[in-house]
Each structure stands twice: as structure tokens, then as C-alpha cells.
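Grab a pencil and keep the viewer open beside you. Try each exercise on your own before you read the solution.

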Amino acid sequence: MEDPQGEASENAQAILQTVQQQAQELQQLWEENTALRQVLSSRSMDIPPVSATTPRYSGDPLKMKEFLDALTVFFAFRPLQFSSDKAKVGYLISALSGPALAWATPLISAEDPVLANYSAFLTLFKQMFERPGVEAAAEEVLCDIQQGNQNVLQHITRFKQLAAETSWVERTFITLFRRGLREEIKDELVHSSPACSLKDLMDQSMNIEYRLRERKMERRRTLAPYQSGTFRASSWQKEDIPSKAPPTPPEEPMQIDLVRGPLTESEREE
């Protein structure tokens, strides 16, 4: 007869060995996972490829704020990819071109510690490309900005970029934006209710441009038959060509008397 205590002891030892083996496997998986994370964080994640939605920056002071704002939004929606300052700095540098890239290249060659501190890098970046006269320059451009050959949406985009660099009140922006529109749009704005805000004026301008574009297309479709020549030729041949007058019938002999009178006696005999 088997010993119950001995069998229970063997089962307990087997279970203990199984638990120890599983604990070792878990420890090994944890170490491998940690090593894998370190490898991924040390590779190209530091400098991800530049997205098509990220604008390039070449050093224009008027476009610096737009560039940094776009990066802030881009980083905010990708917290895992840009969890380190080094990744943010690397991405910013990869989006530079021209003079701005030439400024950052020596920092990379020297492995400057500022590359691992995003706030410190931004301070140097702004000191280099942010000028005290940016607001004055933006105000000067706004005073003379014209829509020209651009559509309203392009004009709005440029106007907002410059307006963000100034501290003027909205009423001034409304006046300057209206003054810079094309004449045909301003003519139509006369028939609209006055805009209460800059956004309302921009919306009105876009709607007017859309209606004018639709009207031009409609006019082309209406004039197409006349411009092709087919309609004009057929109608002109039927309606515009004057008809030839019928030939005058020859005078009857009896009508001669009505013109020169009766024949004399000698004429009659002859």
C-alpha cells in the first residue's frame, strides 16, 4: 500500500519546480524586453523622418513661429515617438534647410550637450532667428498686403501668419483684410451685411469667390454654342441673309401708251 504522505510530498516538489521554472522564464522575458526597448530607443527613433505635414524652415524670422507651432502640435499627437528631448531636437534639425541647417550642423559635429535638451536648444534657436524687428516687419507687410493672383484661401493663410506676429486689435485686421481683396470681391461685399469679426469677413469673401467662379463657368457654358460657330452660321444663313428681289417683269406693250401718250397718224401708218 502506497504512503499518502510520500505521494503528496512528491507532488509538492513537482509543483515547486514548475513554479521556479516559470519564474525563471518570466525573468528572462523581462530582461529581453528591457534590452529590446533600449535598442529601439537608441536607434533611428532619435531622428524620425520628416513628415510631409511638417513645414521646412530656412531661417526666415517671419516664419519661425509658424514652424515651431507646427512642431508643437506634431509632438503632442506622438508622445511615444517623441518621449525624449533628443528625439525632438533631432526631428527639428531634420526639418531645417538653408542657413538654418548651416547653423545647426556645427552643433551636431561637436556633439553639443544642448542636443539632448529641447528647451535649451529652443532658446539658442530663437536667439539666432528671432529678431526684435519681426513685429514691425509684419506690420509693414500687413499695411500693403494684396490678394493679387492668389485665391482667397491663400490670401487668408498669409494674412493670418502676419497677423500672429502683431498686437493689433481685430478691427484693424478687418480693415486691412478688406482693403487687400480683389476689386470684384469688394464689389460683392457691398451687397452683404457688414462682418462682425475677421472670421465672418473671411468666410464671406470665400463664399463670394465661389459664387463668382460658378458664374464664370455658367457663362462659358452659355456662350459655348456661339463661340463654336455652328449655331451662329446656321442661324445667320437662315435669318440674316437678305433674300434676292424677284426680277421685274417686262413691260407689256399696252403700257407704252400710258407713258408717252397715243401714237400719231404717221407713226401709226409707219
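**Exercise 1. What covers the buried residues of α4?**

Solution. One thing to keep in mind is that you're working with a predicted model.

- Step 1: pick out the residues that need covering. In α4 the buried ones are Ala-100, Trp-103, Ala-104 and Leu-107.
- Step 2: look down the helix axis. These buried residues of α4 fall within an arc of 85°, so they line one face of the helix.
- Step 3: recall a bit of helix geometry. An α-helix has 3.6 residues a turn, so residues three or four places apart point the same way.
- Step 4: turn to the other side of α4, where Pro-99, Ala-102 and Ser-109 are exposed.
- Step 5: find the neighbours. The cover over the buried residues of α4 includes α3 (85-94) and α5.

**Exercise 2. Work out what span the 12 residues of α4 should have, and compare it with the model.**

Solution.

- Step 1: use 1.5 Å for each residue, multiplied by one less than the number of residues. For α4, that gives an expected span of 16 Å.
- Step 2: check the ends. The end C-alpha atoms of α4 are 17 Å apart, which agrees with the expected span.

**Exercise 3. Which residue just after α4 takes a positive phi?**

Solution.

- Step 1: know what to expect. Most residues other than glycine have a negative phi, and most peptide bonds are trans.
- Step 2: find the exception. Glu-111 has a positive phi of about 50°, although it isn't a glycine.
- Step 3: place Glu-111 on the chain. You'll find it in the loop between α4 and α5.
- Step 4: check its surroundings. Glu-111 has a relative accessible area of 68%, so it is exposed.
- Step 5: look at another residue in the loop between α4 and α5, Pro-113. Pro-113 is exposed too, at 68% relative accessibility. Its C-alpha atom is separated by 9.9 Å from that of Lys-86, and the two residues are 27 residues apart along the chain.

**Exercise 4. How many aromatic pairs does a search of the whole structure find? Describe two of them.**

Solution.

- Step 1: the search finds 19 aromatic pairs.
- Step 2: take Phe-82 and Tyr-91. Their ring centres are 5.2 Å apart and their planes are at 80°, so this pair is edge-to-face. Phe-82 is buried, with 3% relative accessibility, and Tyr-91 is buried as well, at 0%.
- Step 3: now take Trp-103 and Phe-129. Here the centres are 5.6 Å apart and the planes are at 80°, so you call this pair edge-to-face too.
- Step 4: see what the second pair connects. Trp-103 is in helix α4 (residues 98-109) and Phe-129 is in helix α5 (residues 118-129), so the pair ties together parts that are 26 residues apart in sequence. Phe-129 is buried, at 6% relative accessibility.
- Step 5: widen the view. Trp-103 and Phe-129 belong to one aromatic cluster that also includes Tyr-57, Phe-67, Phe-121 and Phe-125.
- Step 6: add a charge. Lys-88 lies over the face of Tyr-118, at 5.7 Å from the ring centre.

**Exercise 5. Which residues of helix α6 are buried, and which are exposed on the other side?**

Solution.

- Step 1: in α6 (residues 134-144), the buried residues are Val-134, Ala-138 and Leu-142.
- Step 2: these residues cover an arc of only 70° around the axis, which puts them on the same side of α6.
- Step 3: on the other side of α6, Glu-140 and Asp-144 are exposed.
- Step 4: see what's packed against α6. Its buried residues pack against α7 and α8 (170-180).

**Exercise 6. Is His-155 buried or exposed?**

Solution.

- Step 1: locate His-155, which is in helix α7 (residues 152-163).
- Step 2: its relative accessible area is 1%, so His-155 is buried.
- Step 3: list some contacts. Leaving out residues up to four places away in sequence, His-155 touches several residues, including Ile-145, Gln-150, Phe-177 and Leu-181.

**Exercise 7. How many helices and strands does the protein have?**

Solution.

- Step 1: the secondary structure comes to 13 helices and zero strands.
- Step 2: for the burial, 24% of the 270 residues in the protein are buried.

Conventions:
Residues numbered from 1 in each chain as written. Predicted model: local features only at pLDDT ≥ 70, side-chain atom pairs only at ≥ 80, totals over all residues. Heavy atoms only, no water. Phe/Tyr/Trp six-rings, centres within 6.5 Å; stacked < 30°, edge-to-face > 60°. Buried < 20%, exposed > 50% of the residue type's maximum accessible area, 1.4 Å probe, protein only. Helix = DSSP H or I, 4+ residues; strand = E, 2+ residues; numbered from the N terminus. Lys NZ or Arg CZ within 6 Å of the ring centre and 35° of its normal. Arc of directions from axis to C-beta. Contact = heavy atoms within 4.5 Å.
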